[in-house]
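This briefing covers the confidence, the sheets, the helix packing and the ligand shell of one model. Please look at the sequence and the structure first.

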Amino acid sequence: MPPSLETRDLTIRFGGHVAVNAVSCAFHPGELTVIVGPNGAGKTTYFNLISGQLRASSGQVLKDGRDIGRLAPSGRARAGVGRAFQLTNLFPELSVLENIRLAVQARSGVGRQFLRRASGHRELIEQAEGYLAQTRLTEVAHQPASALSHGDQRKLEVALLLAMEPDVFMFDEPTAGMSLDHAPDVLDLIAEIKKDRSRTVLLVEHKMDVVRALADRIIVLHNGTLLADGKPAEVMASDLVREVYLGKRGAA
Ligand SMILES: Nc1ncnc2c1ncn2[C@@H]1O[C@H](COP(=O)(O)OP(=O)(O)OP(=O)(O)O)[C@@H](O)[C@H]1O
C-alpha cells in the first residue's frame, strides 16, 4: 500500500542548530506510529514541520505523493493532515455542539443555500451529534466549551478533529496534564480511530504505558535524527535505544 504521508530528508536549522536532521520516513494507512525520544530530540519540531507550524530548511513533506511542504497549516488540514490539541478553531463561548457543528460545516464547505433549508441545518446538527456520541460528550452538548473540565476539553478537541475527517491524525502527548481518571477515555478514542484501517495515526508520547498500549510501530528520534524504526518489541529491546534512554549517549 502506498504511504499516505511521507517525509524525505526533512531538515530544519535554527541558526547553527539542526533540530530535525534529514528525517525520511513513510507512514501508512491502518498504522499507528509513536514517535519517542529524549527531551529536545526534535519530536515536536518534526510534528510542526508535518502540520505546517514550521517550514523546513530542506526536504519534503508528501501527502499521498503530493508535496504539501509549502502549504500553511490550514492548507495541510484541507489536504487531510489533522492535528489535535493545537486547534485554533475552538470558540470558548459557544456550546460544545455548536463548536462541532461549525467544524462539520467548515469541512463540508456547504453554502448559504444549503443552510437556509431547515433540513440542511438539521443534517449538520445530526452529524455533529454523531461526533459527540462517539466522543462521549452528549451529556455536555449544551455547555459552553469554556466550562468543560480539562478531560472533556481534550475529548472535544478529538471530536473537532474527527469532524475535519482527516486521513492523517496527529496527537501530541494526548494525555499530558490529565488526571488518571480521564486519560483512559482519550486513549480509548485514539484506539477507536486507529480501528478504521484507512486512517494513519501519529503520536508523540513520553509515557511508556501509553506507547505499549497503542503503538504498531515506534520511531525514535535522537538529536534530530532517526535513530530507530520498527515494531515496538524490537525497538524497545534495541541496545542503542536503551542507551539513549539511559542517557549514556551524550546529547551532542
Ligand atoms: N523555534 C526554535 N528556535 C530555536 N531552537 C528551537 C526552536 N524550536 C525547537 N528548538 C530546539 O530544537 C530542539 C528540538 O526541540 P523539540 O521541542 O522538537 O524536542 P522534543 O523532542 O519535542 O522535546 P520534548 O520531549 O522536551 O518536548 C531543541 O534543542 C530545541 O531547543
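Two strands count as paired if DSSP finds at least two bridges between them. E9 and E10 meet that condition with five bridges, and they run antiparallel. The model is predicted, and the chain has a mean pLDDT of 89.

**Confidence**

- In this predicted model, 91% of the residues of the chain reach a pLDDT of 70 or more.
- For the complex, the predictor gives an ipTM of 0.96 and a pTM of 0.90.
- Where pLDDT is low, the predicted coordinates should not be read in detail.

**The six-stranded sheet**

- Six strands make up an open sheet with mixed pairing, and their order is E6-E7-E8-E3-E9-E10.
- Its edge strands are E6 (81-83) and E10 (225-230), each of which pairs on one side only.
- From one strand to the next, the twist averages 20°.
- Four bridges hold E3 (residues 32-36) and E9 (residues 217-222) in parallel pairing, and Val 36 stands opposite Val 220 in E9.
- H1 packs on this sheet, where it touches E3, E6, E7 (168-172), E8 (200-204) and E9. The direction of H1 makes about 150° with that of E7.
- On the other pairing of E9, the one with E10, Ile 219 has Asp 229 in E10 as its bridge partner.
- The hairpin of E9 and E10 has two residues between the strands, and Asn 223 in this hairpin takes a positive phi near 50°.

**The four-stranded sheet**

- An open sheet of four strands follows the order E2-E1-E4-E5, and its pairing is antiparallel.
- E2 and E5 (66-67) are at the edges with a single partner strand each, so one side of each has no neighbour in the sheet.
- H1 packs on this sheet as well, touching E1, E2 and E4, and its direction makes about 60° with that of E2.
- E1 (residues 5-14) is joined to E2 by seven bridges, and the two run antiparallel. One of the residues involved is Glu 6, whose bridge partner in E2 is Ala 26.
- The hairpin of E1 and E2 has two residues between the strands, and Gly 15 there takes a positive phi near 60°.
- E1 also pairs with E4 (residues 58-63), in the antiparallel sense and over five bridges. In that pairing, Arg 8 has Gln 60 in E4 as its bridge partner.

**Packing of H6 and H7**

- Two packed helices are described by the angle between their axes and the distance between the axes.
- The axes of H6 (residues 150-164) and H7 (residues 183-195) come within 9 Å and cross at roughly 10°.
- Angles under 35 degrees count as roughly parallel, so H6 is roughly parallel to H7.
- On the H6 side, the contact is made by Gly 151, Arg 154, Lys 155 and Val 158. They meet Asp 185, Val 186 and Leu 189 in H7.
- By class, this contact of H6 with H7 has three nonpolar, one polar and three charged residues.

**The shell around the ligand**

- The residues around the ligand are Phe 14, His 17, Ala 19, Gly 37, Asn 39, Gly 40, Ala 41, Gly 42, Lys 43, Thr 44 and Thr 45.
- These residues divide into three nonpolar, seven polar and one charged.
- E2 (17-27) and H1 (43-51) each supply at least two residues of the shell.
- The largest share, three residues, comes from H1.
- H1 thus appears under three topics here: it supplies residues to the ligand shell, packs on the four-stranded sheet and packs on the six-stranded sheet.

Terms used: Residues numbered from 1 in each chain as written. Predicted model: local features only at pLDDT ≥ 70, side-chain atom pairs only at ≥ 80, totals over all residues. Axes fitted to C-alpha atoms, helices over the stretch in contact; angles between N-to-C directions. Parallel < 35°, antiparallel > 145°, perpendicular 65-115°, else oblique. Contact = placed C-beta atoms within 7 Å. Nonpolar A, V, L, I, M, F, W, Y, C, P; charged D, E, K, R; others polar. Near = placed C-beta within 6 Å. pLDDT = per-residue confidence, 0-100.
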